[in-house]
Amino acid sequence: MDIWLAIFIVGIFLSPFILPLMLWIVVTTVNFMKDAISDVIYNIKGRLDNQRCMRRQRRLERLSDAEKACLAMQGDRSALELITNRDELEQILQKAEDEYIRQMACGKLGHQWNGCVCKTCGVKNIFAARDMHQWDYCVCKICGVEAPDAIHDWELINQESTESESDEWYGGHMVRMTSVTEIKTYRCRHCGREYQDSQSYT
Ligand SMILES: [Zn+2]
Ligand SMILES: [Zn+2]
Ligand SMILES: [Zn+2]
């Protein structure tokens, strides 16, 4: 038999598979390329965003303190971060509308602590040392932080119980067991903090 005839016959048998195979190869390649291209675009975009941020930072650094103060007044925290002139900071502390911006300016000038609260801007420091707070039973009455050794005055405000059933192997038999979970909610009469206590029994 002629070799070419053999190839022709095999070709006819395989022909239904060749078209789907080629289609599969094309689709897979296109998908792969699409993913690769979108990865590249994503990376370039990330780098551009980074560069934009750095350019903005450099532009900010070149501004005068008065110009930075102007931006800070409008709520620009990174401009405020760069101001060194105390007069500008004083101006911001007195005139900025945003409370957080005023407190940041005060922080750069140095807060005037009276216990756990700043006399100038009113910012509270819940991390102040223990004797900087004014304790009122379980909380500081100035900043509201909970005392490290708080003794709360708990009052039971809610009580719920749920029942659940399960089959358990007990003494050679399957026994239906009922278990009850009781959840009690307490609230401190003094500071309003809450806690839950749950107990299960069968
Ligand atoms: Zn302050
Ligand atoms: Zn306090
Ligand atoms: Zn309490």
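**Exercise 1. Which residues does UniProt list for "transmembrane region"?** Then describe the chain over residues 6-27 in this predicted model.

Solution.
- Start with the record. The unreviewed UniProt entry lists residues 6-27 under that name.
- Turn to the model. Over residues 6-27 the chain is 100% helix and 0% strand.
- Add the span. The end C-alpha atoms of residues 6-27 lie 31 Å apart.

**Exercise 2. Work out the order and pairing of the open sheet, then name its edge strands.**

Solution.
- Take the order. Three strands, β5-β6-β7, form the open sheet, and their pairing is antiparallel.
- Find the edges. β5 (154-170) and β7 (194-201) each have a single partner strand, so one side of each lacks a neighbour in the sheet.
- Check the twist. Neighbouring strands of this sheet are turned by 15° against each other on average, direction ignored.
- Look at one pair. β5 and β6 (residues 173-188) run antiparallel and are joined by 16 bridges.
- Pick one residue. Tryptophan 154 has cysteine 188 in β6 as its bridge partner.

**Exercise 3. Assign the donors and geometry of the zinc ion (ligand 3).**

Solution.
- List the donors. Cys138 (SG), His152 (ND1), Cys188 (SG) and Cys191 (SG) coordinate the zinc ion (ligand 3) at 2.1 to 2.4 Å. Cysteine 188 is also the bridge partner of tryptophan 154.
- Test the angles. The 4 donor atoms subtend 103 to 119°, so the arrangement is tetrahedral. The cut-off asks for all angles between 85 and 135 degrees.
- Read the spacing. The donor residues follow C-x13-H-x35-C-x2-C.
- Place a distant pair. Histidine 152 sits in the loop between β4 (139-140) and β5, and cysteine 191 in the loop between β6 and β7, 39 residues apart.
- Judge accessibility. Histidine 152 is buried because its relative accessibility is 15%. Cysteine 191, at 24%, counts as partly exposed. The limit for buried is under 20%.

**Exercise 4. Repeat the analysis for the zinc ion (ligand 1).**

Solution.
- List the donors. The zinc ion (ligand 1) is held by Cys106 (SG), His111 (ND1), Cys118 (SG) and Cys121 (SG), at 2.1 to 2.4 Å.
- Test the angles. They run from 103 to 118° among the 4 donor atoms, and the site is tetrahedral.
- Read the spacing. Along the chain it is C-x4-H-x6-C-x2-C.
- Place a distant pair. Histidine 111 lies in the loop between α5 (99-109) and β1 (113-114). Cysteine 121 lies in the loop between β2 (117-118) and β3 (135-136), and the two are 10 residues apart.
- Judge accessibility. Histidine 111, at 25%, counts as partly exposed. Cysteine 121 has a relative accessible area of 15% and is buried.

Key: Residues are numbered from 1 along each chain as its sequence is written. Chains are lettered from A and ligands numbered from 1 in the order in which they are written. This is a predicted model: local features need pLDDT of at least 70, side-chain atom pairs count only at pLDDT 80 or more; totals for chains, interfaces and linings use all residues. Side-chain values use heavy atoms; hydrogens and water are left out. UniProt positions are given in the numbering used here, feature names are shortened, and annotations may be inferred rather than shown by experiment. Helices (H or I, at least four residues) and strands (E, at least two) are DSSP runs, numbered from the N terminus. Two strands pair if DSSP finds at least two bridges between them. Axes are lines fitted to C-alpha atoms, for helices over the stretch in contact, and angles run from 0 to 180 degrees between N-to-C directions. Donors are N, O and S atoms within 2.8 Å of the metal (3.2 Å for Na, K and Ca); water is not among the atoms, so sites may look incomplete. Four donors count as tetrahedral if all angles lie between 85 and 135 degrees; four count as square planar and six as octahedral if opposite donors are over 155 degrees apart and all others between 65 and 115; anything else is irregular. Buried means under 20% relative accessible area, exposed over 50%, partly exposed in between (1.4 Å probe, protein chains only).
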